[in-house]
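Q: Could you take a close look at the charged side chains in this one and walk me through how they pair up? I'm in my first year, so plain words please.

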Amino acid sequence: MSQNKILVIGKGFLGSHLILELKKQGFSTFGAGLNDKNKLFRLDIRDFKSIKNLFNKIQPDIVINCAALTNLDYLEENPDIAFEVNSDGAKNLAIMCNDNNSRLIHISTDGIFDGKSKNYDENSDPNPINVYGKSKLQGEINIQKNLKNYLIVRTNFYGYAEDKNNLFTWIYNSLKQKNEIIGFDDVFFNPLGLSNLSHLLSKCILNSNIGIINLANDEIISKYNFALKIAHEFNFDTKFIKKGSIDDIHFIAKRPMNTSLSNVKSKKLLKSKISSYEESFSDLNNEISV
């Protein structure tokens, strides 16, 4: 097992899960975040001094940046905050990694694409249509300008969290409570289950590849069919899922219609299993039942 010291930044939905996965695999792992209860590991990526102090304490070999703001409608109305965290924060980490000879694995998003095509690969031209996507793309650019030893991971993921209002949790809770929901049949993506993504990220640590990589499911699916699959796995009544179009909902931020990513490159590089939706839902069923 690698003796590299790994620093996971951002202890939210992905970060907290990833820390547990890496520790379970025997990696020497530290987690830091904005609201960390331990003052030693409290970190604001907008504050360069805050990052420098943490690097001096830990001296990480590998940094995984999971810190981001992701609420599309909030960010559309608060672009300054979006760019401070998603763009400037990424730049700060890249500069610090460069100064300390640390490798940076940065979690980006499928939301940097306009959704007018599909199955985007690592060489596809980004064209974000909302503030969130623009801020994440600028974060990627800032990393590439300030650091050579980086891996930008474009992905989309799902999982269950009682205190989070992510897509899976919202669908699960709504159907459990027998509340009607609208599933968009004109919006497509290919997200990974959180556990599968965490495992693939651990493979990225052992891989010295530099550049951009997509981590995505084999199957491109509509949000409507995604909801149907959840209903089938958890034995919820599908009558509460109504087929609809994203054009019927007036969001503040524009949403791309198809952000599906090609995973051909990552499957060759990582040689690791991609879990189907059914497999991931089954695992989640076991987790939620505990």
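To start me off, with which residue does R46 form a salt bridge, and how far apart are the closest N and O atoms?

A: Sure thing, and keep in mind that we're looking at a predicted model. R46 pairs up with D44, and the closest N and O atoms of that salt bridge are 3.0 Å apart. R46 is partly exposed, because its relative accessible area is 39%, and partly exposed covers the range between 20% and 50%. The pair isn't on its own, either: salt bridges with shared partners link D44, R46 and E84 into one network. Across the structure, the count of salt bridges comes to nine.

Now go to R154, which forms a salt bridge with E140; here the closest N and O atoms are 2.7 Å apart. R154 sits in strand β5 (residues 150-155) and E140 in helix α5, so this pair ties together parts that are 14 residues apart in sequence. Are these two buried or exposed? R154 counts as buried because its relative accessibility is 3%, and E140 is buried as well, at 1%.

Another pair to find is K229 with E278, where the closest N and O atoms are 2.5 Å apart. K229 belongs to helix α8 (residues 223-234) and E278 to helix α10 (residues 277-289), so the salt bridge ties together parts that are 49 residues apart in sequence. E278 has a relative accessibility of 38%, so this residue counts as partly exposed.

Next, a charged residue without such a partner. D110 is buried yet has no salt bridge. Why not? A salt bridge needs the nitrogen and the carboxyl oxygen within 4 Å, and the nearest side chain of opposite charge, K223, is 7.7 Å away from D110. You'll find D110 in the loop between β4 (103-107) and α5 (131-146). What does its side chain have instead? There's a polar contact of 3.3 Å between the side chains of D110 and T109. Leaving out residues up to four places away in sequence, D110 touches T155, N156, F189, T259 and L261.

For a contrast with all that charge, check out the surface: I182, I249 and F251 form a nonpolar patch there, with about 230 Å² of accessible area together. I249 is in the loop between β12 (241-244) and α9 (264-270), and with 32% relative accessibility I249 counts as partly exposed.

Terms used: Residues are numbered from 1 along each chain as its sequence is written. This is a predicted model: local features need pLDDT of at least 70, side-chain atom pairs count only at pLDDT 80 or more; totals for chains, interfaces and linings use all residues. Side-chain values use heavy atoms; hydrogens and water are left out. Patches are made of residues with over 30% relative accessible area and no salt bridge: like charges are joined within 9 Å, nonpolar side chains (Val, Leu, Ile, Met, Phe, Trp, Tyr) within 5 Å. Accessible areas come from the Shrake-Rupley method with a 1.4 Å probe; for residues, only the protein chains shown count as cover. Helices (H or I, at least four residues) and strands (E, at least two) are DSSP runs, numbered from the N terminus. Buried means under 20% relative accessible area, exposed over 50%, partly exposed in between (1.4 Å probe, protein chains only). Lys and Arg count as positive and Asp and Glu as negative; His and the chain ends are not counted. A polar contact is a pair of N or O atoms within 3.5 Å; within protein, one must be able to donate a hydrogen and the other to accept it, and residues adjacent in sequence count only if both atoms are side-chain atoms. Contact means heavy atoms within 4.5 Å.
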